[in-house]
Amino acid sequence: MPAATAPCFTPETKLGDIVAARPALARVFERLGLDYCCGGQRTLAAACATKQLDPPTVAAMLEAAAAATEAGPAEVDAAGLTLTQLADHIEQTHHTYLKAELPRLVEMAGRVAGKHAWRDARLPEVQAGVMALAEEMLSHMQKEEKILFPLVRQIDAGTRGGFHCGSIANPIRQMEAEHESAGRVTARLRELTDGFTPTPESCNTHRALLAGLAEFESDLHRHVHKENNILFPRTLARAG
Ligand SMILES: [Fe+2]
Ligand SMILES: [Fe+2]
């Protein structure tokens, strides 16, 4: 982790490295629509080019946000945890949240589509997307909790002697592909709901659904960032 008083972001710094060092800066990327989780290996310059943003301006925004959050970051310092602590943290925060939240989102999406599809023809696709996401994410988390994370903990404890790195690289690649898929469905939900924005006619359930989806998206980005940019590469480095 860099010295707290002197963050330095150049156009060549990777998005994932920025958020690994300064988790609170994820909010800047969220605001600008820059993907720092599945797209975490891109440099600031490359990511800015996709949105016609000026890299020095974005770097200045990051510096300002870093200075503003100096007093106390709200997000855990994932890069400072051991592999076992990070796997535990992901399960206890992001997985626990998703297991409670996904059934609620599915139920609300069904109710909203049933009542208001006559007014907004995109709502059945929103419902289908939420259902697909819930199914994918629940099975994805089960694979992590039952297969991948136990291996991560064994590698961390050094009890997995003679472990061949290829045998963990495959499940990790599979998890990364599933993250991409969840990210694509979530991006489509954002499009279908005009950025999770209610209209004046939206009922309370519709508003609660949109707020829930916006929170889901933000949590997914932080969750995938911790796995793709910290947990997985460090596990591969230890196994190799
Ligand atoms: Fe996960
Ligand atoms: Fe995952």
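**A di-iron site among eight helices**

His223 counts as buried, because its relative accessibility is 1% and the cut-off for buried is under 20%. The model is predicted. His223 is a good entry point, since its NE2 atom is a donor to the iron ion (ligand 1). The route below starts at the metals and then moves outward.

Which residues coordinate the iron ion (ligand 1)? They are His95 through NE2, Glu144 through OE, His223 through NE2 and Glu227 through OE. These donors sit at 2.0 to 2.2 Å. Along the sequence the spacing reads H-x48-E-x78-H-x3-E. The x3 step at the end of that pattern falls inside one helix. His223 and Glu227 are 4 residues apart in helix α8, so about one helical turn separates them.

Now take the geometry. The 4 donor atoms around the iron ion (ligand 1) subtend angles of 88 to 167°. A tetrahedral label needs all angles between 85 and 135 degrees. The upper value of 167° breaks that limit, so the arrangement counts as irregular. For reference, ideal tetrahedral angles for four donors are 109.5 degrees. One caution applies: water is not among the atoms, so sites may look incomplete.

The iron ion (ligand 2) has its own set of protein donors. They are His140 (NE2), Glu144 (OE), His179 (NE2) and Glu227 (OE). Their distances from the iron run from 2.0 to 2.2 Å. Here the chain spacing is H-x3-E-x34-H-x47-E. Two of these donors, His140 and Glu227, link distant parts of the chain. His140 belongs to helix α6 (residues 123-157), whereas Glu227 belongs to helix α8, 87 residues away. The site of the iron ion (ligand 2) is irregular, with angles of 86 to 171° among its 4 donor atoms.

How far apart are the iron ion (ligand 1) and the iron ion (ligand 2)? They lie 3.2 Å apart, and Glu144 bridges them. Glu227 also appears in both donor lists, once for the iron ion (ligand 1) and once for the iron ion (ligand 2).

Are His140 and Glu227 buried or exposed? Glu227 has a relative accessible area of 0%, so it is buried. His140 is at 2%, which means it counts as buried too.

Helix α8 holds another acidic residue to inspect. Asp219 lies in this helix, which spans residues 204-239. Asp219 is buried yet has no salt bridge. What is the nearest side chain of opposite charge? It is Arg222, 4.2 Å away. A salt bridge requires a distance within 4 Å, so this pair does not qualify. Beyond its sequence neighbours, Asp219 touches His94, Tyr97 and Leu98.

Step back to the whole fold. The protein has 8 helices and 0 strands. Read in order, the pattern is α-α-α-α-α-α-α-α. The C-alpha trace spans about 60 × 45 × 30 Å along its principal axes. For 240 residues, a compact globule would have a radius of gyration near 18 Å; the protein has 19 Å, which agrees. Buried residues make up 45% of the 240. Contacts reach far along the sequence. Among those between residues at least 6 apart, 75% join residues at least 24 apart.

The loops complete the tour. Gln52 lies between α3 (44-50) and α4. Its phi is near 50°, a positive value in a residue other than glycine. Gln52 is exposed, because its relative accessible area is 73%. Asp194 sits in the loop between α7 (165-192) and α8. Asp194 also has a positive phi, about 50°, although it is not a glycine. At 48% relative accessibility, Asp194 counts as partly exposed.

Asp77 occupies the loop between α4 (55-68) and α5 (83-116). With a relative accessible area of 31%, Asp77 is partly exposed. Where does Asp77 stand relative to Gly212? The two are 135 residues apart in sequence, and their C-alpha atoms are 25 Å apart in space.

Terms used
Residues are numbered from 1 along each chain as its sequence is written. Chains are lettered from A and ligands numbered from 1 in the order in which they are written. This is a predicted model: local features need pLDDT of at least 70, side-chain atom pairs count only at pLDDT 80 or more; totals for chains, interfaces and linings use all residues. Side-chain values use heavy atoms; hydrogens and water are left out. Helices (H or I, at least four residues) and strands (E, at least two) are DSSP runs, numbered from the N terminus. Buried means under 20% relative accessible area, exposed over 50%, partly exposed in between (1.4 Å probe, protein chains only). Lys and Arg count as positive and Asp and Glu as negative; His and the chain ends are not counted. Contact means heavy atoms within 4.5 Å. Donors are N, O and S atoms within 2.8 Å of the metal (3.2 Å for Na, K and Ca); water is not among the atoms, so sites may look incomplete. Four donors count as tetrahedral if all angles lie between 85 and 135 degrees; four count as square planar and six as octahedral if opposite donors are over 155 degrees apart and all others between 65 and 115; anything else is irregular. The radius of gyration is taken over C-alpha atoms; the globule rule is 2.2 Å times the number of residues to the power 0.38. Lists of a residue's contacts leave out its neighbours within four places in sequence.
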